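Hi,

Here is the structure I promised to pass on. Have a look, and my notes follow below.

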Amino acid sequence: MILAGPEIKWETKNGKFHIYPFDEKNINHNSYNFRLGHTLKIYTNKILDVAKQNKFRVIKIPKSGFILKPCQLYLGHTIEEMGSDFYAPLMQARSSIGRLGLYIYLNSGLGDIGFKKQWTLEMHSIHHLKIYPGMKIGQMLFWKPQGKIILYEGKYKDSIGPQVSQIWKDFKKS
């Protein structure tokens, strides 16, 4: 069951959702609009290796905007910290963003119950596109889970700003 806008507002005020900063104007019929943060990360290695920590550089998005190039992965982040110990969050791009050819997540739209930080946006544009910090870029939906809830305790649990892949840590265990 997906929650409607009034229920998102109610559950946020009652502490069932963590949305910070929260603005009632960002509530839609069945989602909450979130905004693009001020930082991007891009990988600098020509070949990325899943078994190693890959190098990256940080870009601050100026108020005047930043132009995304095609064939480049940009890791952005939400301004808002979002999540819940009671509902499963699902991120999606706003349709207005998709109509401009910008994808904001490639693989990880479904969040874990218990994750309540900034979300990393896996951004890819199909052509040159100018973006701005603070723009409404996506929507968070909340689904009521069925069964026993186990809260997230994974490697991204303390996320602030865009997070690069930490899959290389999986190789250190073997």
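Leaving aside its neighbours within four places in sequence, which residues is Leu102 in contact with? With contact meaning heavy atoms within 4.5 Å, the answer is Leu68, Ile97, Met123, His124, Ser125, Leu129, Ile131 and Ile137.

Before the rest, some housekeeping. This is a predicted model, where local features need pLDDT of at least 70 and side-chain atom pairs count only at pLDDT 80 or more, while totals for chains, interfaces and linings use all residues. Residues are numbered from 1 along each chain as its sequence is written, and side-chain values use heavy atoms, with hydrogens and water left out.

Leu102 also turns up in the largest nonpolar core (buried Ala, Val, Leu, Ile, Met, Phe, Trp, Tyr and Cys joined through side-chain atoms within 4.5 Å; buried is under 20% relative accessible area, 1.4 Å probe, protein chains only). That core has 31 residues, and Leu40, Leu102, Met123, Ile131 and Ile137 touch the most other members.

On to the aromatics: there are 6 pairs in the whole structure (ring centres within 6.5 Å, using the six-membered ring for Trp; planes under 30 degrees apart are stacked, over 60 edge-to-face, the rest tilted). Phe115 and Trp119 are edge-to-face, because their centres are 5.9 Å apart and their planes at 85 degrees. Phe115 pairs edge-to-face with Tyr152 too, at 5.8 Å and 80 degrees. Both Phe115 and Tyr152 are buried, as is Trp119. Elsewhere, Phe17, Tyr87 and Phe142 make up one aromatic cluster.

Cheers

How values were computed. Buried < 20%, exposed > 50% of the residue type's maximum accessible area, 1.4 Å probe, protein only.
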